[in-house]
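Here are some short exercises to work through with the model open beside you. Try each task before reading its solution.

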Amino acid sequence: MQLYIGNQNYSSWSLRAWLIFEQHKLAVDVIKLKLFTAEFYTTLARVTPTAKVPLLVDDEVTVWDSLAILEYINERYLAGKAWPGAFEQRAKARALSAEMHSGFFSLRNELPMNCRARRTLQLTEGALNDLARVDAIWSEQMALNPDGWLFGEWSIADAMYAPLALRIETYGIQLSEQAMRYQQKQLNSQAMQSWLAQASLENDIVEEDEAGEPV
Ligand SMILES: N[C@@H](CCC(=O)N[C@@H](CS)C(=O)NCC(=O)O)C(=O)O
């Protein structure tokens with residue numbers, strides 16, 4: 001199985017897909033391509049028409065898109081355990097994952113994932129609204145699962161919200177105490193530490209993802 005990802009410093013969609021392999025210790029060959037380079041597009045053109053990462057190739061199966069990869073791995077290799085067991089919780093976890101996948105545009109545009117940077121910036125009302133929604137989601141789930149992930153055990157919903165924990169760190173955002181506890185759980189997880197260690201070995205700069213002023 002091969003997982004194509006982008007620069008670990010910047011590629012938030014790659015992180016989401018990569019996490020399920022790391023959390024469940026599933027073997028995969030990770031092929032890292034530098035975003036927006038000629039090699040990135042020529043390599044991907046051989047396997048996918050979408051020219052985006054993450055991309056998973058599992059023998060005859062090709063899966064593009066982070067959430068589709070998470071779903072595929074969960075169904076094929078994890079017997080469904082990367083979603084909560086109870087159907088009500090599963091429905092909520094799916095809704096929260098879809099909400100991230102199809103929303104939070106201001107937040108994603110204004111606060112690009114940039115693991116190694118520490119920056120400050122002025123947020124628009126749109127980004128502040130997005131952050132308030134994230135705070136509400138995380139706080140609500142932490143009140144239900146005080147020591148845990150969003151649904152107690154690690155789930156696909158945690159993969160979908162993981163890059164936000166990094167953005168909050170990079171841009172020095174302060175959320176409520178409950179939400180910050182979740183952010184710290186994400187940051188301190190073995191999987192995230194492993195991603196950050198690999199990201200720290202990179203030194204390429206993707207200009208469009210360099211936002212804000214150094215602190
Ligand atoms: N909806 C897609 C988004 C994938 C995506 O936008 N990936 C970015 C990197 S984080 C990319 O490959 N960009 C290259 C390009 O747009 O040329 C997913 O969930 O996987």
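**Exercise 1. Which residues come nearest to the ligand, and how does the shell around the ligand divide?**

Step 1. Of the 13 residues around the ligand (a heavy atom within 4 Å of it), Tyr41, Lys52, Val53, Asp65 and Ser66 come nearest.

Step 2. Sort the shell by residue type: eight are nonpolar, three polar and two charged. Here Ala, Val, Leu, Ile, Met, Phe, Trp, Tyr, Cys and Pro count as nonpolar, Asp, Glu, Lys and Arg as charged, and the others, Gly among them, as polar.

A word on the source: this is a predicted model, in which local features need pLDDT of at least 70, side-chain atom pairs count only at pLDDT 80 or more, and totals for chains, interfaces and linings use all residues. Residues are numbered from 1 along each chain as its sequence is written, and side-chain values use heavy atoms, leaving out hydrogens and water.

**Exercise 2. Find the polar partners of the ligand at Lys52, Val53 and His101.**

Step 1. Look for pairs of N or O atoms within 3.5 Å. A side-chain N or O atom of Lys52 is 2.8 Å from a ligand oxygen.

Step 2. At Val53 the backbone takes part: one of its polar atoms is 2.8 Å from a ligand nitrogen.

Step 3. His101 places a polar side-chain atom 3.1 Å from an oxygen of the ligand.

**Exercise 3. Where is the chain divided into domains?**

Step 1. By an automatic or database assignment, domain 1 is 2–81 and domain 2 is 87–196.

Step 2. Their C-alpha centres lie 21 Å apart.

Key
Polar contact = N/O pair within 3.5 Å; in protein donor to acceptor, adjacent residues only side chain to side chain.
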